[in-house]
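Trainee: Got a minute to go through this model with me? I'd like to start with the aromatics.

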Amino acid sequence: MTSKIIQEEGLTMQVIVKRLEKHQALFEKISRNIYLMAIKDGFLAAMPIILFSSIFILLSNIPPLIGIKVPVDLNAWFNKIYNYTMGFVGFYVAGTTAKALTGSMNQRIKGGRFLNNTSTMMASMVGFMLLAIGTTSKGNFLPTFFGTQGILSAFVAAFVTVWVYKFCVERDLTIKMPKEVPGAISQNFRDIIPFGAATLIFSLIDVASRAALKVPFSAIIATVLAPVFKGAETYPGMMFIWFLIPMFWFLGVHGPSVVKPALESALFGNTTANLDLFKAGNFPYHALTENFGNFVGELGGTGATFIVPFLFMFFMKSKQLKAIGKASFIPVMFAVNEPLLFGAPIILNPYFLIPFVLAPVVNVVIGKAFIDFHIMRGFMYFMSWALPGPIGAFIDTNFQWTSLLLMAILLTVDALIYMPFIKAYDAELLEQEAAVDAGTATAAATAGASEVTAEADAATAQEFPEPEEVKQAETAKQEEANQNPAAGKKLDHELKVLVLCAGGGTSEQLANALTEGAKEYHEPIVASAGAYGSHHDILPNYDLVVLAPQVRTYYSDLKHDTDRLGIKLVATKGQQYIALTRDPEKALDFIVENYKDVEKKPQDSSDSK
């Protein structure tokens with residue numbers, strides 16, 4: 001009865017989905033905003049620092065839990081490494097964000113001009129020091145805003161720096177050197193004016209803020225935005241955040257890349273604040289943290305899909321859902337849920353609209369309640385988003401058993417939310433599969449009538465056997481292919497392929513399939529995986545770039561760079577991409593065909609120009 005009701009409501013959902021799809025272009029435009037992308041990519045570039053630093057804070061905090069006393073000097077060494085990595089993350093992010101924004105800005109500057117990303121990175125870091133860092137009466141730097149508390153100033157420094165450089169370069173406000181001067185030296189002189197202008201602007205902002213309010217700019221911007229971040233950490237605020245993330249993804253736009261950049265300062269700042277509270281003997285009460293989102297709101301990936309593959313495998317009857325469940329449960333456990341999103345599919349599937357956006361909202365409400373009632377500590381470490389949710393939550397709360405209780409409750413609730421909608425979808429798939437099976441049976445009966453013809457053909461083959469020389473030629477050809485695999489290659493030179501997705505997890509699946517296929521079929525293909533935004537420096541090393549479905553909206557932006565470098569670019573769709581990750585041979589064929597097709601088109605168009 002429930003399934004029938006949901007099937008009827010499915011028609012209503014289809015209408016809603018179609019109306020939402022009409023605004024998809026707007027959502028994609030938001031996702032391509034260069035400032036949101038710069039923040040995301042800036043943090044992505046700093047992630048090795050953030051994750052590495054967490055190792056040492058764990059080494060400092062975990063041993064006492066099991067009765068091991070860490071020597072004072074060793075503990076001081078652990079803390080020193082943490083303080084010199086995570087403790088300076090605001091300073092580092094100022095540079096990485098400026099570099100990422102410079103890359104996007106260079107795609108939009110016309111006339112062959114470009115911004116020097118090394119220079120903008122250094123200017124931004126100088127700007128951060130001027131905006132955020134104060135000194136004591138003896139001239140020593142104050143450490144307050146070097147870390148996560150200075151992240152907002154890092155963004156301001158990055159944005160203003162790139163704007164100033166763009167203004168100067170577009171108007172040719174640079175120092176020009178004679179032609180005889182080497183290019184590297186000329187570039188250094190060209191950067192003097194924009195670098196100096198940016199530094200002077202930051203100096204004036206610093207002077208104005210200190211003269212007016214006696215505090216650095218960082219303190220002012222933190223005070224101004226504090227109500228916004230405080231509102232974001234309320235129940236309505238967190239519900240809204242984790243409603244938007246899956247809603248964007250449901251429409252095919254990578255939700256975390258759109259929503260989270262604006263919150264990075266709070267997400268990382270609250271994590272550090274929780275750790276400070278815990279070390280001081282107080283309760284870590286902040287719920288709005290980076291890993292709370294990863295392990296609670298996005299348990300098993302966007303949409304809180306950790307439990308869904310298991311529901312497919314053990315409770316559904318259709319062949320399609322059982323197959324998808326078996327193929328996706330391992331990657332989903334590690335928060336790589338694209339095989340599920342595009343395989344079922346969940347994206348743009350009316351049956352899944354409600355549970356996909358509802359489960360994350362319910363999860364964050366329950367998770368925040370656990371923290372508010374002091375049942376579970378707030379997350380205090382920076383762990384990889386790819387850790388299975390229960391493991392990540394257990395470590396991130398400093399091994400508190402109630403975090404496992406929370407995980408059990410969330411998985412149960414998510415199963416109850418998803419189950420009726422999955423059952424309704426399963427019923428529809430069963431009807432489709434039954435119709436296909438009936439059609440197959442009819443086709444088999446028809447095929448039986450032609451068996452006589454097949455037997456006659458076999459008799460003819462025996463009566464008029466294939467000429468011996470043809471057999472010998474085919475045998476020799478096969479032996480040559482076995483002895484010399486290069487003879488059967490589809491490519492005559494090495495092809496380097498870069499697969500890009502949002503976080504590096506989904507792209508690894510296709511890269512692995514290509515590597516496996518290249519080895520098995522002796523194709524000269526070398527495949528690597530990466531995250532969009534971290535590709536700027538490595539892009540020139542590749543011949544072809546493949547965009548995974550969640551970053552296909554960046555195709556036009558990346559096309560400027562690949563065309564300039566003479567690199568081929570291909571975007572994939574959801575189910576197409578998942579199929580390629582599961583079939584190395586098809587993945588190879590896809591790469592070779594697209595490389596050869598795209599290889600011809602630019603030559604033709606360039607000749608016509």
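**Rings, cores and odd backbone**

Mentor: Sure. Phenylalanine 43 and phenylalanine 268 are both buried. Buried here means under 20% relative accessible area, exposed means over 50%, and partly exposed is in between, with a 1.4 Å probe and protein chains only. Keep in mind that the model is predicted: local features need pLDDT of at least 70, side-chain atom pairs count only at pLDDT 80 or more, and totals for chains, interfaces and linings use all residues. Residues are numbered from 1 along each chain as its sequence is written, and side-chain values use heavy atoms, with hydrogens and water left out.

Trainee: OK, so how many aromatic pairs are there?

Mentor: The count is 26 aromatic pairs. Rings of Phe, Tyr and Trp (its six-membered ring) pair if their centres lie within 6.5 Å; planes under 30 degrees apart are stacked, over 60 edge-to-face, and the rest tilted. For phenylalanine 43 and phenylalanine 268, the ring centres are 4.6 Å apart and the planes are at 20°, so this pair is stacked.

Trainee: And where do those two sit in the chain?

Mentor: Phenylalanine 43 is in helix 3 (residues 34–61) and phenylalanine 268 in helix 13 (residues 264–279), so to speak of distant parts is fair: they are 225 residues apart. Helices (H or I, at least four residues) and strands (E, at least two) are DSSP runs, numbered from the N terminus.

Trainee: Got a tilted one to show me?

Mentor: Try tyrosine 351 and tyrosine 425, which form a tilted pair at 5.4 Å centre to centre with 40° between the planes. Tyrosine 351 lies in the loop between helix 17 (338–343) and helix 18 (353–372) and tyrosine 425 in helix 20 (residues 402–449), so the pair ties together parts 74 residues apart in sequence. Tyrosine 351 is buried at a relative accessible area of 9%, and tyrosine 425 counts as buried at 7%.

Trainee: Any charges over rings?

Mentor: Yes. Lysine 80 has its charged end over the ring of tyrosine 84, 5.8 Å from the centre. The rule is NZ of Lys or CZ of Arg within 6 Å of the ring centre and within 35 degrees of the ring normal. Tyr84 also belongs to an aromatic cluster with Phe88, Phe91, Tyr92, Phe128, Phe141 and Phe146. Elsewhere, the charged end of lysine 368 sits over the ring of tyrosine 235, 5.0 Å from its centre.

Trainee: Switching topic: which residues touch the most other members of the largest nonpolar core?

Mentor: Phe312, Ile422, Val497, Leu514, Ile525 and Ile591, out of 140 residues in that core. Helix 7 (residues 151–170) gives the largest share of this core, 14 residues. A nonpolar core is a set of buried Ala, Val, Leu, Ile, Met, Phe, Trp, Tyr and Cys residues joined through side-chain atoms within 4.5 Å. There is also a second, separate core of 14 residues, including Leu500, Tyr542, Val551 and Leu558.

Trainee: What does isoleucine 422 touch?

Mentor: Leaving out residues up to four places away in sequence, isoleucine 422 touches Val308, Leu311, Phe312, Met316, Leu321 and Phe352. Contact means heavy atoms within 4.5 Å.

Trainee: What does UniProt list for Cys501?

Mentor: An unreviewed UniProt entry lists Cys501 as "modified residue: Phosphocysteine". UniProt positions are in the numbering used here, feature names are shortened, and annotations may be inferred rather than shown by experiment. In the model, cysteine 501 lies in strand 1 (residues 495–501) and is buried at a relative accessible area of 1%. Leaving aside neighbours within four places in sequence, its contacts include Thr506, Ser507, Tyr532 and Val551.

Trainee: Last thing, any odd backbone?

Mentor: A few spots. Most residues other than glycine have a negative phi, and most peptide bonds are trans. The bond from alanine 344 to proline 345 is cis, with omega near -10°, and proline 345 is in the loop between helix 17 and helix 18. Leucine 348 lies in the loop between helix 17 and helix 18 too; its phi is near 60°, a positive value, and it counts as partly exposed at 29% relative accessibility.

Trainee: What about alanine 304, buried or exposed?

Mentor: Alanine 304 counts as buried, at 0% relative accessibility. Its phi is positive, near 50°, and alanine 304 lies in the loop between helix 14 (290–297) and helix 15 (308–315).
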